[in-house]
Amino acid sequence: MTSHVLLSISGLHKAFGGLIAVNQMQFDICEGEIIGLLGPNGSGKTTVINLISGALSPNDGKVVLDGKDITNLPAHKISHAGIARTFQLVRILPDLDCIENIEAGLAYRTKPLWGHDAHTAAYELLERIGLEKHAHTPAGDLTYIDQKRLELGRALALQPKLLLLDEWLAGLNPSELQDGITLVRKLKHEGLTIIMVEHVMDAIRSLCDRCVVMNAGAKIADGSPDAVLSDGEVIRAYLGDSHA
Ligand SMILES: Nc1ncnc2c1ncn2[C@@H]1O[C@H](COP(=O)(O)OP(=O)(O)O)[C@@H](O)[C@H]1O
Ligand SMILES: [Mg+2]
């Protein structure tokens with residue numbers, strides 16, 4: 001199997017005042033891979049997602065997408081280069097219905113879609129994420145999982161090569177979780193490359209090809225889900241030293 005590196009981050013560093021949130025982070029992700037970005041609360045996962053997506057600029061280090069240096073590009077240029085994300089706290093337009101929410105996303109494509117084309121493409125996207133029944137439901141009236149589906153749909157509207165999911169499966173009940181896992185697996189089969197920040201172990205084990213684990217801003221493990229989840233340093237990071 002040939003593996004093409006889609007994203008490579010190296011030497012990534014971000015401080016907020018005296019706090020080093022991300023410290024010399026590096027990893028590669030190959031096309032078609034799903035990697036889990038794990039670590040205890042406050043370990044720097046969301047900051048890494050913010051640095052990759054251009055929501056924040058690093059103090060040092062590089063982000064390379066498909067051989068192109070995208071470090072320090074503004075977020076909209078990174079999105080046009082092929083990276084889309086969801087947020088830890090869902091961001092949708094609550095007063096607009098689902099189809100309008102997706103249409104608003106389609107307007108941010110490199111080649112924006114409008115009018116009839118946007119409507120058709122938006123409906124197809126709603127089918128892809130299982131929300132077509134709610135095309136005309138205001139987003140604010142959706143259940144939590146459906147709001148999450150919609151936010152994912154808005155990210156997919158950008159036709160990304162790389163999708164960044166920040167705790168997309170968090171807060172779902174067990175049956176919603178199975179639906180969520182099925183949807184992410186479907187996106188993988190469609191060829192999407194995904195970085196998912198996740199705490200749900202079932203989801204990590206069933207979806208991730210590889211996991212990168214962070215603690216206090218730095219990478220402490222990188223390997224298969226089984227290998228990293230049984231790694232002593234990873235267990236200590238999650239449980240605290242008293243359990244080691
Ligand atoms: N915009 C910010 N300003 C100041 N500190 C921040 C900011 N964003 C994150 N931090 C801090 O950086 C550390 C890493 O945060 P974060 O990346 O959100 O962790 P995680 O997603 O792993 O829980 C935390 O100590 C957090 O308080
Ligand atoms: Mg976070």
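**Notebook: ligand 1 and a salt bridge**

I sorted the residues of the shell around ligand 1 by character and obtained four nonpolar, six polar and one charged. I note at the outset that this is a predicted model.

Entry on the shell. I listed the residues around ligand 1: Phe16, Leu19, Ala21, Pro40, Asn41, Gly42, Ser43, Gly44, Lys45, Thr46 and Thr47. Under the classes I used, Lys counts as charged and Gly as polar, so I entered Lys45 as charged and Gly42 and Gly44 as polar.

Entry on polar contacts. Which atoms of Gly42, Lys45 and Thr47 approach the ligand? For Gly42, I found a polar backbone atom 2.7 Å from an oxygen atom of ligand 1. For Lys45, a polar side-chain atom lies 2.8 Å from a ligand oxygen. For Thr47, I read 2.6 Å between a polar side-chain atom and an oxygen atom of ligand 1. I then looked up the cover: on its own, ligand 1 has 560 Å² of accessible area, and the protein covers 59% of this.

Entry on location. I asked in which pocket ligand 1 sits. Ligand 1 occupies the second largest pocket. I next checked which elements give two or more residues to its shell, and found strand S2 (19-30) and helix H1 (45-53). H1 gives the most, with three residues.

Entry on salt bridges. How many salt bridges does the structure hold? I recorded eight. I examined one of them, in which Arg210 pairs with Glu33 and the closest N and O atoms are 3.2 Å apart. I placed Arg210 in strand S9 (residues 210-215) and Glu33 in the loop between S2 and strand S3 (34-38), so this pair ties together parts that are 177 residues apart in sequence. As a general remark, side chains of opposite charge can pair when their charged atoms come close.

Definitions and conventions
Residues are numbered from 1 along each chain as its sequence is written. Chains are lettered from A and ligands numbered from 1 in the order in which they are written. This is a predicted model: local features need pLDDT of at least 70, side-chain atom pairs count only at pLDDT 80 or more; totals for chains, interfaces and linings use all residues. Side-chain values use heavy atoms; hydrogens and water are left out. A residue is near a molecule or strand if one of its heavy atoms lies within 4 Å of it. A polar contact is a pair of N or O atoms within 3.5 Å; within protein, one must be able to donate a hydrogen and the other to accept it, and residues adjacent in sequence count only if both atoms are side-chain atoms. Accessible areas come from the Shrake-Rupley method with a 1.4 Å probe; for residues, only the protein chains shown count as cover. On a 1 Å grid over the protein atoms alone, a cavity is a set of points where a 1.4 Å probe fits but cannot get out, and a pocket is an open set with protein on both sides within 12 Å along at least five of seven lines; lining residues have an atom within 4 Å of a point. A molecule sits in a cavity or pocket if more than half of its atoms lie within 2 Å of its grid points. Helices (H or I, at least four residues) and strands (E, at least two) are DSSP runs, numbered from the N terminus. A salt bridge is a side-chain nitrogen of Lys or Arg within 4 Å of a carboxyl oxygen of Asp or Glu.
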